[in-house]
Amino acid sequence: MFKHPMFGILTLVGNGTIVVAAYLFFLLEEGQNPKLHSYLDALWWAVSTVTTVGDGEILPLTFWGRILGILMMIFGTALFCSFRSE
């Protein structure tokens, strides 16, 4: 599995998407979300959302933050379904 070229591509795309989404979430929610204090908080939100853990510690409050959250949930489901063992 780890030798397959798609594993590396999916890993890079998945991690890159999480990093970018966390940055967007930080920009969208900064100053409006009292639980969001730093980029690390946004990264925590992005990882917990994309992995469908969603502990509820940080929730999006803005319209676009919620849209981003929905997209991250769909992306996470599709991403993890694309990893398969052979």
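## The nonpolar core

Let's start on the inside of this predicted model. Its largest nonpolar core has 13 residues, and the members that touch the most others are Phe25, Ala42, Trp45, Ala46, Leu68 and Met72. Three elements each give two or more residues to this core: α1 (5-29), α2 (39-50) and α3 (63-82). Helix α1 supplies the largest share, with five residues. There's a general pattern to keep in mind here: in soluble globular proteins, nonpolar side chains tend to be buried together.

Ala46 is a handy residue to click on. If you skip its neighbours within four places in sequence, Ala46 is in contact with Ile18, Ala22 and Met72.

## Two pairs of rings

How many aromatic pairs are there? The count comes to two. In one of them, Phe25 and Trp45 have ring centres 3.8 Å apart and planes at 5°; that angle is under the 30 degrees cut-off, so the pair is stacked. This pair ties together distant parts of the chain, since Phe25 sits in helix α1 and Trp45 in helix α2, 20 residues apart. Are these two residues buried or exposed? Phe25 has a relative accessible area of 0%, so Phe25 is buried. Trp45 comes out at 3%, which is under the 20% limit, so Trp45 is buried as well.

The other pair is Phe63 with Trp64. Their ring centres lie 4.9 Å apart and their planes meet at 80°, which is over 60 degrees, so this pair counts as edge-to-face. Now check the surface: Phe63 has 55% relative accessibility, and because exposed means over 50%, Phe63 counts as exposed. Trp64, at 54%, counts as exposed too.

## How α2 and α3 pack

Two packed helices are described by the angle between their axes and the distance between the axes. For α2 and α3, the angle is about 50° and the axes are 8 Å apart. What do we call that arrangement? An angle of about 50° is neither under 35 degrees nor in the 65 to 115 range, so α2 and α3 are oblique to each other.

Which residues do the meeting? On the α2 side they are Trp45, Ala46, Thr49 and Val50. On the α3 side you'll find Gly65, Leu68, Gly69, Met72, Met73, Phe75, Gly76 and Phe80. Sorted by type, the residues of this contact are eight nonpolar, four polar and no charged. Some familiar names turn up again: Trp45, Ala46, Leu68 and Met72 are among the core residues that touch the most other members.

## The loop after α2

Thr51 is found in the loop between α2 and α3. With a relative accessible area of 31%, Thr51 falls between the 20% and 50% limits, so Thr51 is partly exposed. From Thr51 to Asp41 is 10 residues in sequence and 16 Å in space, C-alpha to C-alpha.

## Stepping back to the whole chain

Now zoom out. The secondary structure comes to three helices and zero strands, and reading along the sequence gives the pattern α-α-α. The C-alpha trace spans about 45 × 20 × 15 Å along its principal axes.

The protein has 86 residues, and 30% of them count as buried. What about contacts between residues with a separation of 6 or more? In that group, 61% are between residues 24 or more positions apart. The stacked Phe25 and Trp45 pair, at 20 residues apart, is a link between helices α1 and α2.

Terms used
Residues numbered from 1 in each chain as written. Predicted model: local features only at pLDDT ≥ 70, side-chain atom pairs only at ≥ 80, totals over all residues. Heavy atoms only, no water. Core = buried A, V, L, I, M, F, W, Y, C linked by side-chain atoms within 4.5 Å. Buried < 20%, exposed > 50% of the residue type's maximum accessible area, 1.4 Å probe, protein only. Helix = DSSP H or I, 4+ residues; strand = E, 2+ residues; numbered from the N terminus. Contact = heavy atoms within 4.5 Å. Phe/Tyr/Trp six-rings, centres within 6.5 Å; stacked < 30°, edge-to-face > 60°. Axes fitted to C-alpha atoms, helices over the stretch in contact; angles between N-to-C directions. Parallel < 35°, antiparallel > 145°, perpendicular 65-115°, else oblique. Nonpolar A, V, L, I, M, F, W, Y, C, P; charged D, E, K, R; others polar.
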